[in-house]
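This briefing concerns a single protein chain. It proceeds from individual residues to a helix and then to the chain as a whole.

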Amino acid sequence: GILAFLRRRAVVLSSSLNALEGVSCNSIDGALYAFPTITLPAKAVEAAKSQDMEADALYCMELLDATGIVLVPGSGFGQ
């Protein structure tokens, strides 16, 4: 049924995220949200500082501009 389909999709998503370099993601308990941790290289952190931005916010904006993928930076939640 639909729950099994959503569960399989969640497993595929978390497995795919964990396969990416610098990305880790806990298993997804629901079908709507994933909360990956992305480790940014030092150069990305420096580039963000030079623009007076948090590194994760700059990453999210650049990803949105390049791909249309929307992420919410953890710095907005004090992380």
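In this predicted model, S24 counts as partly exposed, because its relative accessibility of 39% falls between the 20% limit for buried residues and the 50% limit for exposed ones. S24 belongs to strand 1, which covers residues 23-24. The points below begin with the surroundings of S24 and then turn to other sites.

**Surroundings of S24**
- When residues up to four places away in sequence are not counted, S24 touches N18, P36 and T37.
- M53 lies 29 residues from S24 along the chain, and the C-alpha atoms of the two are separated by 23 Å.

**S14 in helix 1**
- S14 is placed in helix 1, which comprises residues 2-19.
- The relative accessibility of S14 is 8%, and S14 therefore counts as buried, the cut-off being under 20%.
- With neighbours within four places in sequence left aside, S14 is in contact with C25, N26, S27 and I28.

**D52 in the loop between helices 2 and 3**
- D52 is located in the loop that lies between helix 2 and helix 3.
- The phi angle of D52 is near 55°, a positive value in a residue that is not glycine.
- Most residues other than glycine have a negative phi.
- D52 counts as exposed because its relative accessibility is 72%, where the cut-off is over 50%.

**Helix 3 and its packing**
- Helix 3 consists of 13 residues, 55-67.
- From the first C-alpha of helix 3 to its last, the span is 18 Å, close to the 18 Å expected at 1.5 Å a residue.
- The buried residues of helix 3 are A55, D56, A57, L58, C60 and L63.
- These buried residues of helix 3 pack against helix 2, residues 42-50.
- G68 follows helix 3 and has a positive phi, near 85°.

**P73 in the segment after helix 3**
- P73 is situated in the segment after helix 3.
- Apart from neighbours within four places in sequence, P73 is in contact with D56, A57 and C60. D56, A57 and C60 are among the buried residues of helix 3.
- P73 and N26 stand 47 residues apart in sequence, with a C-alpha to C-alpha distance of 17 Å. N26 is also one of the residues in contact with S14.

**Architecture of the chain**
- The secondary structure of the protein chain comprises three helices and two strands.
- Read from the N terminus, the order of these elements is α-β-β-α-α.
- Of contacts between residues at least 6 apart in sequence, 4% join residues at least 24 apart.

**Dimensions, burial and surface**
- The protein chain has a radius of gyration of 15 Å, whereas a compact globule of 79 residues would have one near 12 Å.
- Along the principal axes, the C-alpha atoms fill a box of roughly 50 × 25 × 20 Å.
- Buried residues make up 19% of the 79 residues in the protein chain.
- The exposed area of the protein chain is about 6,200 Å², and carbon and sulfur atoms supply 60% of this area.

**Charge distribution**
- The protein chain carries 5 positive and 8 negative charges, and the mean positions of the two sets are 14 Å apart.

Note on methods:
Residues numbered from 1 in each chain as written. Predicted model: local features only at pLDDT ≥ 70, side-chain atom pairs only at ≥ 80, totals over all residues. Heavy atoms only, no water. Helix = DSSP H or I, 4+ residues; strand = E, 2+ residues; numbered from the N terminus. Expected span 1.5 Å × (residues − 1). Buried < 20%, exposed > 50% of the residue type's maximum accessible area, 1.4 Å probe, protein only. Contact = heavy atoms within 4.5 Å. Rg over C-alpha atoms; globule rule 2.2 N^0.38 Å. Areas by Shrake-Rupley, 256 points an atom, 1.4 Å probe, with all protein chains shown as cover. Lys, Arg positive; Asp, Glu negative; His and termini not counted. Charge placed at Lys NZ, Arg CZ, Asp CG, Glu CD.
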